[in-house]
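Me: Please take a close look at one loop residue in this model and at what lies around it. Then carry on from there to the other local features that can be described.

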Amino acid sequence: MDIALFSPSSLFPDDDESSNDAGTSDTLQSYEERMHQFPGMELVIREFSFHQLNANLLWPGTFAFAEWLVQNSSWIQGQRCIELGSGTGSLAIFLRKSFDLDITTSDYDDQEIEENITYNCRVNGITPALPHVKHTWGENFPISDPDWDLVIASDILLYVKQYPNLIKTLSYLLKRKYSKTTSLSAVRSDGAPMAKPMFLMSWRRRIGKEDELLFFTGCENAGLEVKHLGSRVYCIKSMD
């Protein structure tokens, strides 16, 4: 088993058939397990050779965000959390093992992604697997009354054409009812008062500043407030 700090896109052979022909990915798919060093622990993560939206690999932003969350754990402790663009599930697995965080994974509506996250949960000692929501950004969210306090994601701004869909999903998750006081006028499924939900996002892949601005401006136009917390970590929440 290989040990890696992160998985480059060249982890698998650059085969024109396997990397470019989505229609034959089922027959050409291959898997690789690697040992990854996270803050305070090693995790075994299985990645696979092809996915049209890059949900098959573990990217550098995951490790940077994990380190930031360890150093700023007050942002996540005691929260109910959902991760968008979970990919391999590695960040969610790390947070469950490190903080016993109540976290749900989520990604594109694809059975292969869910099965791989379930596998990675099992080999890292998390059974049953973390809850998972299949959701394609911009489409109707499958849960009509979400009650997560915190939405997180890392390295999800690669596809500029998906920004409007991502913002639509974020708006749905961040603009739900919450308790502005300690009264239980709005409560989570566990009976605790709902805080105003927030989105924490870490971004490490290089894109043009114009593309970054396009996303953040789109958030603001949708009634979302954007704040840079440092180390390329951003907090986004409803202006309401």
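Reply: Leaving out residues up to four places away in sequence, Asp 109 touches Lys 134, His 135 and Thr 136, where contact means heavy atoms within 4.5 Å. The model is a predicted one, in which local features need pLDDT of at least 70, side-chain atom pairs count only at pLDDT 80 or more, and totals for chains, interfaces and linings use all residues. Residues are numbered from 1 along each chain as its sequence is written, and side-chain values use heavy atoms, with hydrogens and water left out.

Asp 109 belongs to the loop between β5 (102-107) and α5 (111-123); helices (H or I, at least four residues) and strands (E, at least two) are DSSP runs, numbered from the N terminus. From Asp 109 to His 135 there are 26 residues in sequence, yet the C-alpha to C-alpha distance is 5.1 Å. Asp 109 has a relative accessible area of 46% and is therefore partly exposed. The classes are buried for under 20% relative accessible area, exposed for over 50%, and partly exposed in between (1.4 Å probe, protein chains only).

On the other side of α5, the loop between α5 and β6 (132-134) holds Pro 128. The peptide bond joining Thr 127 and Pro 128 is cis, with omega about -5 degrees. Most peptide bonds are trans, and most residues other than glycine have a negative phi.

Backbone angles also single out Asp 155, whose phi is positive, about 50 degrees, although Asp 155 is not a glycine. Asp 155 sits in the loop between β7 (150-154) and α6, and counts as buried because its relative accessible area is 8%. Arg 232 likewise has a positive phi, near 55 degrees, and is a residue other than glycine. Its place is the loop between β9 (224-230) and β10 (233-238). With 30% relative accessibility, Arg 232 is partly exposed.

Arg 232 leads on to helix α7, since Glu 212 lies in α7 and touches Trp 203, Ile 207, Arg 232 and Tyr 234, residues up to four places away in sequence not being counted. At a relative accessible area of 11%, Glu 212 is buried.

Helix α7 also packs against α6, at an angle of about 35 degrees and with the axes 10 Å apart. Axes are lines fitted to C-alpha atoms, for helices over the stretch in contact, and angles run from 0 to 180 degrees between N-to-C directions. The α6 and α7 crossing is right-handed; a crossing is right-handed if the near helix is turned clockwise from the far one by less than a right angle, and left-handed if anticlockwise. On the α6 side the residues are Tyr 163, Leu 166, Ile 167 and Leu 170, and they meet Asp 211, Leu 214, Phe 215, Gly 218 and Cys 219 in α7.

Aromatic pairs number 10 in the structure. Among them, Tyr 163 and Phe 215 have ring centres 5.5 Å apart and planes at 70 degrees, so this pair is edge-to-face. Tyr 163 in helix α6 (residues 163-174) and Phe 215 in helix α7 (residues 209-221) are 52 residues apart, so the pair links distant parts of the chain. Rings of Phe, Tyr and Trp (its six-membered ring) pair if their centres lie within 6.5 Å; planes under 30 degrees apart are stacked, over 60 edge-to-face, and the rest tilted. Both Tyr 163 and Phe 215 are buried. One aromatic cluster is formed by Tyr 163, Phe 215, Phe 216 and Tyr 234.

A second helix contact is that of α3 (residues 60-71) with α4 (residues 90-99), whose axes come within 10 Å and cross at roughly 25 degrees. The two helices are therefore roughly parallel, the word for angles under 35 degrees, with over 145 roughly antiparallel, 65 to 115 roughly perpendicular and the rest oblique. The crossing of α3 past α4 is right-handed. Thr 62, Phe 65, Ala 66, Leu 69 and Val 70 of α3 make the contact with Ser 90, Leu 91, Phe 94, Leu 95 and Phe 99 of α4.

In the loop between β4 (80-83) and α4 lies Gly 89, which counts as buried because its relative accessibility is 0%.

Across the protein there are seven helices and 10 strands, and 49% of the 240 residues count as buried.
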